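Dear colleague,

Please find below the structure that I agreed to hand over to you. My findings follow directly after it, and I would be grateful if you read them with the structure open.

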Amino acid sequence: MSDDFEKLKSIGVQKIHEATHIGRTHIQAMLNENFEEMSSVQLFGFISILEREYALDLSELRAKAKEFFKSNTLLFENRKKVKIFTASKKKRNTRLIYTFMAIIAAVLTLLHFASKAPQTEVVEINKTIESDIIMAQVDENISKIDENSTQTGLLEATGIEVEKVEKEIEIKPTVFKIVPKAKVWLGYIDLSDYKKYQKVFSDEFELNATKNWLLAFGHGHIDIEINGEVIKFKDPKNIRFSYIDSELKEISFEEFKSLNRGSGW
């Protein structure tokens, strides 16, 4: 190996990590010429960073890496436990609940006074008409209110049988932000046309939350914010995600390849 590579070894893993923010495990792997834990895109990106940072010529290391990836195209990684993170999709409508409670109170008041009035045919007819009107209003409002335990208790107290309806108001994410704890490499793929992009950054980076993405990170010391909900990760190794239909999911290398039409990048 070249003198420049030996100079890089002499600097040491910790100092290289502090200067470049490349993960220690990846630095150690490169110094040991062990390329199994990295994709070709990551490795060549790290080599370019090291050449710029220390003004070194690492062309021999790059050539060895190319030969390795050419002869080991079927190398796989261990599967990771899938974690799913979704933004909240339900919102309670308290104004409708209060309206419903007011209507129930009116029903109870009318029934109370009606029970004390003379039981004549005219009163019975009027009460039937009033009840029909009130019931129509109750049915209309019940269809707009989420089921909960308080509502169920009120309905049982009045003897009214109501079909249980749960209405979800779906909120599409409008913010999809990545905040690294240290400088990180990111490869991201737009699943609408499979165009590939990559970026090395240390400040926050925002993606279009309405699109579907595949993401690969050089290390997992990152925070991801979706509509104000922040998910924190602490993983020194590379980490991958899918973001499909507003759902963020940590995925394995095999799942990444499957979603990327069989390509590791």
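Two strands are said to pair if DSSP finds at least two bridges between them. With that in mind, one such bridge links Lys177 to its partner Glu225 in β7. Please note that this is a predicted model.

The sheet

The strands discussed here form an open sheet of four, in the order β5-β2-β7-β8, with antiparallel pairing. Its edge strands are β5 (205–207) and β8, each of which pairs on one side only. On average, neighbouring strands of this sheet are turned by 20° against each other, direction ignored.

Strand β2 comprises residues 176–180 and is mostly covered, as four of its five residues are buried. On one hand, β2 is joined to β5 by three bridges, and the two strands run antiparallel. Here Phe176 has Leu207 in β5 as its bridge partner. On the other hand, five bridges connect β2 with β7, again in antiparallel fashion.

The hairpin

Strand β7 also runs antiparallel to β8 (residues 229–233), and five bridges join these two strands. Two of the positions may help you to find your way. Glu225, already named as the partner of Lys177, has Val230 as its bridge partner in β8. Ile226, in turn, stands opposite Glu229 of β8. The hairpin of β7 and β8 has two residues between the strands, and Asn227 takes a positive phi near 55° there.

The loop before β7

Which loop holds His219? This residue lies in the loop between β6 (213–217) and β7 (222–226). Is His219 buried or exposed? The cut-off for a buried residue is a relative accessible area under 20%. His219 has a relative accessible area of 5%, and therefore counts as buried.

The side chain of His219 also makes two polar contacts with backbone atoms. The backbone oxygen of Lys183 is reached at 3.1 Å, and the backbone nitrogen of His221 is reached at 3.1 Å. Leaving aside residues up to four places away in sequence, His219 touches His21, Ala182, Lys183, Val184, Asp235, Pro236, Lys237, Asn238 and Ile239. Lys183 thus appears both in this list of touching residues and as the owner of the backbone oxygen named above.

I suggest that you begin with the sheet and then turn to the loop that holds His219.

Yours sincerely,
A colleague

Key:
Residues are numbered from 1 along each chain as its sequence is written. This is a predicted model: local features need pLDDT of at least 70, side-chain atom pairs count only at pLDDT 80 or more; totals for chains, interfaces and linings use all residues. Side-chain values use heavy atoms; hydrogens and water are left out. Buried means under 20% relative accessible area, exposed over 50%, partly exposed in between (1.4 Å probe, protein chains only). A polar contact is a pair of N or O atoms within 3.5 Å; within protein, one must be able to donate a hydrogen and the other to accept it, and residues adjacent in sequence count only if both atoms are side-chain atoms. Contact means heavy atoms within 4.5 Å. Axes are lines fitted to C-alpha atoms, for helices over the stretch in contact, and angles run from 0 to 180 degrees between N-to-C directions.
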